Amino acid sequence: MEGKDLKYASSGQLFLQPLWDHLKTWETLIQSPFFPVFFSITTYLGFCLPFVVLDVLCPWVPALRRYKIHPDFSPSVWQLLPCLGLTLYQHVVFVFPMTLLHWAASPVLLPPEAPELLQLVRHIVLCLLLFDTEFFIWHVLHHKVPWLYRTFHKMHHQNSSSFALATQYMSVGELLSLGVFDMVNIMLLRCHPLTVLIFHVINIWLSVEDHSGYDFPWSTHRLVPFGWYGGVTHHDLHHSQFNCNFAPYFTHWDKILGTLRSAHAK
């Protein structure tokens, strides 16, 4: 941002402007059609890696088992490798061509100004709430309609005990559906590119945490008050019982439709 424009910027913009100015030094990379796939894969694997390490250590470090939802389960290498391979394959063969088409139709333009802090927070919360609603509807339909379940969603339920790398073990139809939800919400709200990056980091983290199989004192559902956020215990119960806890993150839709089930009630 030019010095003469600083006096017109809000305090929220000034707070985020140094971060945005730093990111803009990577403008060529961010505007590249390769960036969305590179960013998605590296962020996803970066969040999965600590849980993979914990799964490897868990049989040898009994203290870790107190935090595992299924203490006697650790994924084998024959479970981990197919999940990793499928993620890489689908991003290269399906996600990259889609992002390339999107980039060709509407190239990424980086504005000089950072978003206001409150606007960034508001858009991230709205994106999460919209995604939660969209996936809840999609998820319920795919569990209630046998053909949809067999065709698109059954693959994701092949691992009844979740682990981090199984987060994206899903059919290409399901993966692309989630991507469409993300893209539509971002376009609908006209999110700033910095907001988009931060939202994707948060969304990927929450998805990985939901499938990690670990319930730590600092897990997200323990930090959000009033039981508004279901988290890993909420989603793990869905994988073991199928007919409850359809929302990926928050609990309000499951409460309204009577499909909310507590891990303590199982």
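**Notes on a predicted model**

1. Let's begin with a pocket. By class, three nonpolar, eight polar and four charged residues make up the lining of the second largest pocket. Please keep in mind as you read on that this is a predicted model. The lining comes to 15 residues, and the space inside is about 300 Å³. Which residues lie nearest the centre of the second largest pocket? They are His221, Gly230, Thr233, Ser262 and Ala263. If you wonder how such space is found, rolling a probe the size of a water molecule over the atoms shows where empty space is left.

2. Which helices each supply at least two residues of that lining? Look for helix H9, residues 220–223, and helix H10, residues 231–241. Try to find both in the structure above before you go on.

3. Now for the salt bridges, of which the count is two. One of them joins aspartate 55 and lysine 68, whose closest N and O atoms are 3.3 Å apart. Aspartate 55 sits in helix H3, while lysine 68 belongs to the loop between H3 and helix H4 (77–105), so this pair ties together parts that are 13 residues apart in sequence. Are the two partners buried or exposed? Aspartate 55 is buried because its relative accessibility is 5%, under the 20% limit for that word. Lysine 68 is buried as well, with a relative accessible area of 7%.

4. The side chains of aspartate 215 and arginine 222 also meet in a salt bridge, with 2.9 Å from N to O. Here the partners fall into two classes of accessibility. Aspartate 215 has a relative accessible area of 15% and is therefore buried. Arginine 222 has 48% and is partly exposed, since the word exposed is kept for values over 50%.

5. Next, have a look at the surface. Leu49, Val53, Leu57, Trp60 and Val61 make a nonpolar patch of about 510 Å². One of these residues, valine 53, has its place in helix H3, which covers residues 35–57. Valine 53 counts as partly exposed because its relative accessibility is 40%. A residue needs over 30% relative accessible area to join a patch, and valine 53 has 40%.

6. Two backbone angles deserve a moment of your time. Arginine 190 is not a glycine, and its phi is positive, near 55°. You will find arginine 190 in the loop between helix H7 (172–189) and helix H8 (193–211). Is arginine 190 buried or exposed? With a relative accessible area of 75%, arginine 190 is exposed.

7. Phenylalanine 242 has a positive phi too, about 70°, although it is not a glycine. Its home is the loop between H10 and helix H11 (252–257). Phenylalanine 242 counts as partly exposed because its relative accessibility is 35%, a value between the 20% and 50% limits.

8. Finally, here is a residue to locate for yourself. Asparagine 159 is found in the loop between helix H6 (146–153) and H7. Being in a loop, is asparagine 159 buried or exposed? Asparagine 159 is buried, with a relative accessible area of 13%. How many ångströms separate its C-alpha atom from that of leucine 23? The separation is 38 Å, and the two residues are 136 residues apart along the chain.

Methods: Residues are numbered from 1 along each chain as its sequence is written. This is a predicted model: local features need pLDDT of at least 70, side-chain atom pairs count only at pLDDT 80 or more; totals for chains, interfaces and linings use all residues. Side-chain values use heavy atoms; hydrogens and water are left out. On a 1 Å grid over the protein atoms alone, a cavity is a set of points where a 1.4 Å probe fits but cannot get out, and a pocket is an open set with protein on both sides within 12 Å along at least five of seven lines; lining residues have an atom within 4 Å of a point. Grid points are joined across faces, edges and corners, and a volume is the space filled by probe spheres set on the points. Helices (H or I, at least four residues) and strands (E, at least two) are DSSP runs, numbered from the N terminus. Ala, Val, Leu, Ile, Met, Phe, Trp, Tyr, Cys and Pro count as nonpolar, Asp, Glu, Lys and Arg as charged, and the others, Gly among them, as polar. Patches are made of residues with over 30% relative accessible area and no salt bridge: like charges are joined within 9 Å, nonpolar side chains (Val, Leu, Ile, Met, Phe, Trp, Tyr) within 5 Å. Accessible areas come from the Shrake-Rupley method with a 1.4 Å probe; for residues, only the protein chains shown count as cover. A salt bridge is a side-chain nitrogen of Lys or Arg within 4 Å of a carboxyl oxygen of Asp or Glu. Buried means under 20% relative accessible area, exposed over 50%, partly exposed in between (1.4 Å probe, protein chains only).
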